[in-house]
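Thank you all for coming; I would like to take a few minutes to walk through one structure with you. Please have a look at the sequence and the model before I begin.

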Amino acid sequence: MKLPISPRLLACAGFVAPGDRVADIGCDHGYLSIYLLTEGKARSVIASDINEMPLMSAVKNAEKYGVSDRMEFYLSDGVRSIPRDFDCMICAGMGGDTMVSILEAAPWLQSSRYRLILQCQSKTPLLRRYLSEHGWRIAEETVLQDGKFLYTVMEACFEPDYPRLTEAECYFPPALLENPSKDVPAYYKWVSEGLRIAAAHNPGKQPVLAALEALAQTEALRWLGDVQKQELKQEEQI
């Protein structure tokens, strides 16, 4: 019986360490939680959702795939009503502002005992900025294409002494510079084009755009420069 799980959720699963106790916040149908258990990646899962209908769907799916004994289910706004005995918290498929509100309501998460695995649908720079300002280091981030869209998945660890991200790095963080994913150049191009449009209507964004484009000249992004050169060469040949 094949589990219908999206590439986005599979990418989130890739950040889970073997034996983790996972809190799947906004679990929806529960497929990510079930995958982690059926594949032996997680020891146990706390599955929560703010709405009763998707949570009940997760309960039924857990029974269907035989993992109910290793899952706990909570109707909860963020992490307000769940136990705190987990190792990593996953939030997938939410906007950055929603994730920020979840973290704002739970300052107890600011501890080295917890890791965050976040797959953001929108307002990702806002989320990165909040994490950086509140002591979270983005240890790893990857880009993937799911359907027609590019998404990122990040892992954040609480390290309050770690240097804060610059404004440009909130759009394209160091963790992405180190990532060999084939989709990173496309993501960089998409982000820079979006900032260019924003800067045309808001001059305050122009310094951020300039700083972002300067990143492309660094040693860390030399491979991206090579990609761009190849694209320009192809355009000249057309």
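Leucine 195 sits in helix H8, and in this model, which is a predicted one, leucine 195 has a relative accessibility of 4% and therefore counts as buried, the cut-off being under 20%. Which residues does leucine 195 touch, if we do not count those up to four places away in sequence? They are Tyr171, Lys205, Val208, Leu209 and Leu212. If you look for leucine 118 as well, you will find that its C-alpha lies 22 Å from that of leucine 195, with the two positions 77 residues apart in sequence.

Staying with helix H8, tyrosine 188 is also placed there, and with a relative accessibility of 3% tyrosine 188 counts as buried. Its C-alpha atom is separated by 9.8 Å from that of leucine 177, and these two residues are 11 apart along the chain.

In the loop that leads from helix H7, residues 174-177, to helix H8, residues 184-201, we find aspartate 183. Is aspartate 183 buried or exposed? Because its relative accessibility is 11%, aspartate 183 counts as buried. Setting aside neighbours within four places in sequence, the contacts of aspartate 183 are with Val143, Leu144, Gln145 and Leu150.

Let me now step back to the chain as a whole. The protein chain holds 10 helices and seven strands, and its C-alpha trace spans about 60 × 40 × 30 Å along the principal axes. For 238 residues, a compact globule would have a radius of gyration near 18 Å, and the 19 Å of the protein chain agrees with that. Of those 238 residues, 48% count as buried, and when we take the contacts with a separation of 6 or more, 67% of them are accounted for by residues 24 or more positions apart. The chain exposes about 12100 Å², and 52% of this is supplied by carbon and sulfur atoms. As for charge, there are 25 positive and 32 negative charges, and their mean positions are 2 Å apart.

I turn next to the interior. In soluble globular proteins, nonpolar side chains tend to be buried together. Here the largest nonpolar core has 31 residues, and those with the most contacts inside it are Val22, Leu36, Met71, Ile90 and Ile117. Two or more residues each are given to this core by H1, H2, E2, H3, E4 and strand E7, residues 149-158. Which element provides the largest share of this core? That is H2, with five residues. Apart from this core lies another one, of 28 residues, including Ile82, Val100, Leu118 and Leu127.

Isoleucine 117, one of the residues just named for the largest core, is in contact with Cys12, Phe15, Val16, Cys88, Met89, Ile90, Cys91, Val153 and Met154, leaving aside neighbours within four places in sequence.

Helix H2 itself, residues 31-38, is mostly covered, since six of its eight residues are buried, namely Tyr31, Leu32, Ser33, Ile34, Leu36 and Leu37. What covers these buried residues includes the helices H1 (7-13) and H3 (52-64), together with the strands E1 (20-25), E2 (42-49), E3 (71-75) and E4 (88-95). Just after H2, glycine 40 takes a positive phi of about 75 degrees.

That brings me to the backbone. Most residues other than glycine have a negative phi, and most peptide bonds are trans. Aspartate 28, in the loop between E1 and H2, has a positive phi near 55 degrees although it is not a glycine, and with a relative accessible area of 39% aspartate 28 is partly exposed. Lysine 123, too, has a positive phi near 55 degrees without being a glycine; its place is in the loop between strand E5, residues 115-122, and helix H5, residues 124-133, and at 47% relative accessibility lysine 123 counts as partly exposed.

Finally, which residues of H5 are buried? They are Thr124, Leu127, Arg128, Tyr130, Leu131 and Ser132, and just after H5, glycine 135 takes a positive phi of about 90 degrees.

Technical notes. Residues numbered from 1 in each chain as written. Predicted model: local features only at pLDDT ≥ 70, side-chain atom pairs only at ≥ 80, totals over all residues. Heavy atoms only, no water. Helix = DSSP H or I, 4+ residues; strand = E, 2+ residues; numbered from the N terminus. Rg over C-alpha atoms; globule rule 2.2 N^0.38 Å. Buried < 20%, exposed > 50% of the residue type's maximum accessible area, 1.4 Å probe, protein only. Contact = heavy atoms within 4.5 Å. Areas by Shrake-Rupley, 256 points an atom, 1.4 Å probe, with all protein chains shown as cover. Lys, Arg positive; Asp, Glu negative; His and termini not counted. Charge placed at Lys NZ, Arg CZ, Asp CG, Glu CD. Core = buried A, V, L, I, M, F, W, Y, C linked by side-chain atoms within 4.5 Å.
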